[in-house]
Amino acid sequence: MQRSPSESLQPSLIELSRSALEQNFSFLQSRAKNGVRISSVIKGNAYGHGISSFIPLAELCGIDHFSVFSADEAEGVLKFRSNPDTDVMIMGMIRDEELSWAIENGIEVYLFEMERLDRAFEEAGKLGKKARVHLQIETGMHRTGFEKPEWETVFQKINDNPESFDLKGICTHYAGAESVANYFRIQKQNETFREAVEMAKSMFDQMPPVHASSSAAFLTMPKMHYDMVRIGIAQYGFWPSRETYMHHAKANDFEEEQDPLRRVMTWKSEVMSTKWVKAGDFIGYGNVYMAGRDMRIATVPIGYTHGFGRNLTNSGYVLIRGVRANVSGLVNMNMITVDITDIPGVEKGDEVVLIGHQGDDEITVASFGEMTNNLNYEILTRLPASIPRVVVD
Ligand SMILES: *Cc1c(COP(=O)(O)O)cnc(C)c1O
């Protein structure tokens, strides 16, 4: 594997597969009702995939709308998008002073409280530029959103000030569509949302796009597609939950079904050193792992500082020469030791796969999850931004 000098300064590397991403978007498009726009959700450094590489790659796949959490992430999109017309939407945190920056730069922002609405109105007036806004409706998530008694006032204010507001959307967010346990709560949220949408229809001459679904609702509840969907986890090749996958598999004839989503990310490192250890000796710190036989171990320069959790101590594994090598001993800050006794010929510099395929075997992100009870979301976003990301076919 050839690496650029800056990449070779890092102990590991994340590859992003262009063909996997294309496949995911073409599957997602095929599931979207006619005309539904996909917004690519790239908060959390594109779920650990790295925004600088991911944004242009998603644009190549036809994406022209990105959703982020905060103003700094929106700035990242402005920096890394290749098409200047690609839209950016901030769903969460914007400080007052960032609001004027966002309006100036044509960034779409969620409004979810009167104070922010008034502030946007003011800033738009000062700049002589329309604020591009999405009105977030409180439907039962109880985090952010305009409450029912406010809806009419809010809609009226937008209507009365066309020189200050460019209404880009009416939206809400469901409280956990990936789990059947929340089914009724979400149905109720959708009913409330429909009320708001009906009121908006009666008040606006031109309805803006309506959007509510993230990956889970998109994949399991087509009636909630509306005009736009905000897709995070699925584009990266992961089902939001096992239930969501089962729903899909069942609807598409379980036996025949193959997973249409492909993991975009592969995480690789290399063998740093190898060593023989005698039966009865302890490996690494303390007495966490005692060699039960004469063992050959390899050190791999990956640790909890890189997002390889300490809870994978004695239980995680990596792939070397296509074979699983168990983590033996504590996961250190920068290093793990793995058992290569039964993998002949391992040498310093051999490729080590932490997430992904090697030979006929694969380590999934979910397998980290099973070992540690973490969700894919958390494991992915914990991967540090400092690991180089490179695009491969
Ligand atoms: C994170 C997020 C999404 C995307 O969720 P996924 O489950 O990753 O598809 C959509 N909408 C909002 C408001 C979000 O915060």
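A pocket here is an open set of grid points with protein on both sides within 12 Å along at least five of seven lines. Keep in mind that these legends describe a predicted model.

**View 1. The ligand sits in the second largest pocket**. Around the ligand you'll find Val41, Lys43, Tyr47, Met91, His173, Ser214, Ser215, Arg230, Ile231, Gly232, Ile233 and Tyr377. Two elements, α3 (43-47) and β9 (228-231), each give two or more residues to this shell. Sort the shell by class and you get six nonpolar, four polar and two charged residues.

**View 2. Polar atoms of Lys43, Arg230 and Gly232 reach the ligand**. Start with the side chain of Lys43: one of its N or O atoms is 2.5 Å from an oxygen atom of the ligand. Arg230 also uses its side chain, with a polar atom 2.8 Å from a ligand nitrogen. Gly232 joins in through its backbone, where an N or O atom lies 2.9 Å from an oxygen atom of the ligand. So how much of the ligand does the protein bury? On its own the ligand exposes 390 Å², and the protein buries 90% of that.

**View 3. The structure has one cavity of 30 Å³ or more**. The volume of the largest cavity comes to about 30 Å³. Its lining is made up of Gln136, Ile137, Glu138, Thr139, Met141, Thr144, Thr172 and His173. By class, that lining splits into two nonpolar, five polar and one charged. Look out for His173: this residue lines the largest cavity and is also part of the ligand's surroundings.

Technical notes
Residues numbered from 1 in each chain as written. Predicted model: local features only at pLDDT ≥ 70, side-chain atom pairs only at ≥ 80, totals over all residues. Heavy atoms only, no water. Near = heavy atom within 4 Å. Polar contact = N/O pair within 3.5 Å; in protein donor to acceptor, adjacent residues only side chain to side chain. Areas by Shrake-Rupley, 256 points an atom, 1.4 Å probe, with all protein chains shown as cover. 1 Å grid on protein atoms, 1.4 Å probe; cavity = no way out; pocket = protein on both sides within 12 Å on 5 of 7 lines; lining within 4 Å. Sits in = over half its atoms within 2 Å of the grid points. Helix = DSSP H or I, 4+ residues; strand = E, 2+ residues; numbered from the N terminus. Nonpolar A, V, L, I, M, F, W, Y, C, P; charged D, E, K, R; others polar. Points joined across faces, edges and corners; volume = space filled by probe spheres on them.
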